[in-house]
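Reader: I have not looked at this chain before. Please take me through it in short questions and answers.

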Amino acid sequence: MTNSFRNKIEQITPEELPEILMPHIELCADKKAIVEGCKGILSYSNELISLNCKSFTVSFTGANLSLCEMTEGKVTVKGKISEVNLLS
């Protein structure tokens, strides 16, 4: 571990720690969700999409769901989103 990386880690306060571990989720009405911090897809169907996000699982339930965009660590879910669940 380099010294600069070690210094950055040591500067993290306990209050900041949950923000680092939590995925960032943006909802655009019930039509689109952008999830940052995604490590992989756990399940994928028209009615359910579950994503592995750091130490959490984020699940979207709805109709006509699809993964429209995937980049490293970021996923866009589109469709009629009726429910979002965050499980630790």
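Reader: In which loop does Ala29 lie?

Author: The model shown here is predicted. Strand β1 covers residues 24–28, and β2 covers residues 32–36. Ala29 lies in the loop between β1 and β2.

Reader: What is the phi of Ala29, which is not a glycine?

Author: Ala29 belongs to the hairpin of β1 and β2, which has three residues between the strands. Ala29 is also exposed, with a relative accessible area of 67%. Its phi is positive although Ala29 is not a glycine, at about 55°.

Reader: Is Asn64 buried or exposed?

Author: Asn64 is found in strand β5. Phi of Asn64 is a positive value in a residue other than glycine, near 55°. The cut-off for exposed is over 50% relative accessible area. Asn64 has 62%, so it counts as exposed.

Reader: How many helices and strands are there in the chain?

Author: Read along the sequence, the pattern is α-α-β-β-β-β-β-β. The chain thus holds two helices and six strands.

Reader: What is the order of the strands in the open sheet?

Author: The sheet has six strands, with antiparallel pairing. Its edge strands are β1 and β3, each of which pairs on one side only. Neighbouring strands are turned by 40° against each other on average, direction ignored. The order is β1-β2-β6-β5-β4-β3.

Reader: Which residue is the bridge partner of His24 in β2?

Author: Strands β1 and β2 run antiparallel. Five bridges join them. The partner of His24 in β2 is Glu36.

Reader: And which residue in β6 is the bridge partner of Glu36?

Author: Strand β2 also pairs with β6, in the antiparallel sense and over five bridges. Glu36 therefore has a partner on each side: His24 and, in β6, Lys74.

Reader: Which residue in β4 stands opposite Gly40?

Author: Strand β3 covers residues 40–44, and a hairpin joins β3 to β4 through three residues. The two strands run antiparallel and are joined by four bridges. Opposite Gly40 in β4 stands Asn52.

Reader: Is Lys32 buried, exposed or partly exposed?

Author: Lys32 is placed in strand β2. Buried means under 20% relative accessible area and exposed means over 50%. The value for Lys32 is 27%, so Lys32 is partly exposed.

Reader: Which residues does Lys32 touch, not counting those up to four places away in sequence?

Author: The count leaves out residues up to four places away in sequence. Two of the residues touched are Glu26 and Leu27. The others are Thr76, Val77, Lys78 and Ile81.

Reader: How far apart in space are Lys32 and Ser66, C-alpha to C-alpha?

Author: In sequence, Lys32 and Ser66 are 34 residues apart. Thr76 touches both Lys32 and Ser66. From C-alpha to C-alpha, the distance between Lys32 and Ser66 is 9.7 Å.

Reader: Is Thr76 buried or exposed?

Author: Thr76 is found in strand β6. Besides Lys32 and Ser66, the residues it touches include Ala33, Ile34, Leu67, Cys68 and Glu69. Its relative accessibility is 6%, under the 20% cut-off, so Thr76 is buried.

Reader: Which element gives the most residues to the largest nonpolar core?

Author: The largest nonpolar core has 13 residues, and Ile49, Leu51, Cys53, Phe60, Leu65, Val75 and Val77 have the most contacts inside it. The elements that give two or more residues to this core are β2, β4, β5 and β6. With four residues, the one that gives the most is β5.

Reader: What percentage of the chain's residues are buried?

Author: The chain exposes about 5,900 Å², and carbon and sulfur atoms supply 53% of that area. The chain has 88 residues. Of these, the buried share is 26%.

Reader: Of the contacts with a separation of 6 or more, what percentage is between residues 24 or more positions apart?

Author: One contact of this kind is Lys32 with Thr76. The percentage is taken over the contacts in the chain with a separation of 6 or more. Residues 24 or more positions apart account for 41%.

Notes:
Residues numbered from 1 in each chain as written. Predicted model: local features only at pLDDT ≥ 70, side-chain atom pairs only at ≥ 80, totals over all residues. Heavy atoms only, no water. Core = buried A, V, L, I, M, F, W, Y, C linked by side-chain atoms within 4.5 Å. Buried < 20%, exposed > 50% of the residue type's maximum accessible area, 1.4 Å probe, protein only. Pairing = 2+ DSSP bridges. Contact = heavy atoms within 4.5 Å. Axes fitted to C-alpha atoms, helices over the stretch in contact; angles between N-to-C directions. Areas by Shrake-Rupley, 256 points an atom, 1.4 Å probe, with all protein chains shown as cover.
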